[in-house]
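Got your viewer open? Grab the mouse and follow along, one selection at a time.

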Amino acid sequence: MHGEYKIPGGKLVVVDLDVIDGALRNVRVAGDFFLEPDEALPAIDGALEGAPAETDAAGLAARVKGGLPEGTVMYGLTAEGVAVAVRRALARATDWSDYEWQLIREEPQSPALHMALDEVLTAEVAAGHRPPTLRVWEWAAPSVIIGSFQSLRNEVDPEGAAHHGVTVVRRISGGGAMFVEPGNTVTYSLSVPAPLVSGLSFAESYAYLDEWVLAALGDMGIKAWYQPLNDIATEVGKIGGAAQKRMVATDGGPGAVLHHVTMSYDIDADKMLEVLRIGKEKMSDKGTASAKKRVDPLRRQTGLPRETVIDRMLASFRARHGLTTGQVTPEEMARAEHLAATKFSDPEWTARVP
């Protein structure tokens with residue numbers, strides 16, 4: 001069995017192992033990390049040797065820590081990262097390079113249709129009918145997108161939304177509300193086969209699926225990092241947030257994960273505060289006194305046009321994982337348009353949590 005895991009902010013850890021009579025055997029840890037002394041590497045292998053295959057990540061990390069020689073120093077490596085790589089090997093997780101990635105980048109579409117496309121395309125990946133897909137969104141209208149479990153009345157000021165012509169829709173993933181205007185956000189979805197995140201905890205899957213965009217931002221001179229649970233942060237403020245939805249396997253497919261991200265390219269903070277109800281409790285754990293200071297748009301940080309930012313992001317993804325241009329099929333679009341009309345434009349769905 002073979003497992004790989006890129007530690008967020010660190011290096012790649014690779015684990016090869018066998019399972020014999022329910023225990024880990026022939027464990028071999030490798031990677032591009034730094035480790036001192038040399039004897040620490042076989043010590044890690046030895047600490048994992050014989051561990052029950054059902055041992056969870058915390059238990060595996062404890063074995064690694066307990067087996068390290070005194071004074072061991074790790075660079076780009078953690079005991080927890082080794083444990084995750086082991087769990088991914090045991091889960092027979094796949095890697096980015098195991099797939100042919102497809103890009104969908106189409107004309108501006110309505111907020112309801114974007115919600116529907118996420119559901120339809122991810123369901124197709126779950127069923128094994130579509131390759132892993134990166135979809136870049138273009139907005140046809142300003143919108144507030146609330147999380148699946150948020151209260152509509154607690155999150156949105158209806159008078160402010162009506163005054164500014166903002167459409168309110170509810171998505172299928174959890175998380176918080178997003179305020180978007182055409183041309184002012186960079187929004188994308190990853191619809192990926194479930195095995196890509198096998199062996200990762202919910203939180204670890206966020207960091208894993210955000211890794212490419214952090215690297216892309218780094219290529220543009222922005223030092224960004226994943227901030228648990230679902231934020232993309234920089235030294236001068238948050239620039240985006242992610243949300244996820246799991247879909248079970250159908251038609252013998254692998255199952256799938258929807259991971260979508262909205263990053264602020266520019267923002268009308270005054271308008272946002274007239275449309276969203278951002279309470280003191282939400283702000284209390286952010287360490288800021290004003291919602292205006294929570295988001296630092298990409299326009300200010302890069303000085304680049306929005307289209308250039310997106311083009312560079314896609315170039316970065318393509319260089320790392322490969323990316324071919326595709327499109328929504330007529331059958332997928334028909335299903336999405338039906339869902340947009342019957343579900344995502346339905347006031348009962350939007351207010352399912354009043």
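What does the accessible surface of the chain come to, and how much of it belongs to carbon and sulfur atoms? Show the surface and here is what you are looking at: about 15500 Å², with 52% belonging to carbon and sulfur atoms. Keep in mind on this tour that the model is predicted.

**Stop 1: the whole chain**

Zoom out and select everything. The C-alpha atoms fill a box of roughly 65 × 50 × 40 Å along the principal axes. For 354 residues, a compact globule would have a radius of gyration near 20 Å, and this chain has 22 Å, which agrees. Colour by burial next: 51% of the 354 residues count as buried.

Now switch to cartoon view. You'll find 13 helices and 16 strands in the chain. Try displaying contacts, too. Among those between residues at least 6 apart in sequence, 71% join residues at least 24 apart.

Fancy some charge colouring? The chain carries 36 positive and 48 negative side chains. The centres of those two sets lie 5 Å apart.

**Stop 2: the eight-stranded sheet**

Select the strands β12-β13-β14-β15-β11-β7-β6-β16, written here in their sheet order; together they make an open sheet of eight strands with mixed pairing. Which strands stand at the edges? They are β12 and β16 (324-325); each has a single partner strand, so one side of each is left without a neighbour in the sheet.

Start at the β12 end. β12 and β13 pair in the antiparallel sense over four bridges. To see one of the partnerships, pick tyrosine 226 and look across to isoleucine 232 in β13, its bridge partner.

Then go over to β6 and β7. These two pair in the parallel sense, also over four bridges. Click glutamine 102 and find its bridge partner in β7, threonine 133.

**Stop 3: strand β7 up close**

Select residues 133-137 and show the side chains. Is β7 mostly covered or mostly open? It is mostly covered, with five of its five residues buried. Turn the strand and sort the side chains by direction: Thr133, Arg135 and Trp137 point one way, while Leu134 and Val136 point the other way. Both groups are buried.

**Stop 4: backbone oddities**

Time to hunt for some unusual backbone. Most residues other than glycine have a negative phi, and most peptide bonds are trans. The next four picks go against those habits.

- Select glutamate 36 and proline 37. A cis peptide bond joins them, with omega about -5°. Proline 37 sits in the loop between β4 (34-36) and α1 (40-48).
- Select proline 228 and leucine 229. Here is another cis peptide bond, with omega about 0°. Leucine 229 belongs to the loop between β12 (224-227) and β13 (231-234), the two strands that you saw pairing in the antiparallel sense.
- Select arginine 92. Its phi is positive, about 55°, although it is not a glycine. You'll find arginine 92 in the loop between α3 (79-90) and β6 (102-105). Buried or exposed? Arginine 92 is exposed, with a relative accessible area of 58%.
- Select aspartate 251. This residue, which isn't a glycine either, has a positive phi near 55°. Look for aspartate 251 in the loop between β14 (237-247) and β15 (256-264). Its relative accessible area is 64%, and anything over 50% counts as exposed, so aspartate 251 is exposed.

How values were computed:
Residues numbered from 1 in each chain as written. Predicted model: local features only at pLDDT ≥ 70, side-chain atom pairs only at ≥ 80, totals over all residues. Heavy atoms only, no water. Buried < 20%, exposed > 50% of the residue type's maximum accessible area, 1.4 Å probe, protein only. Rg over C-alpha atoms; globule rule 2.2 N^0.38 Å. Contact = heavy atoms within 4.5 Å. Areas by Shrake-Rupley, 256 points an atom, 1.4 Å probe, with all protein chains shown as cover. Lys, Arg positive; Asp, Glu negative; His and termini not counted. Charge placed at Lys NZ, Arg CZ, Asp CG, Glu CD. Pairing = 2+ DSSP bridges.
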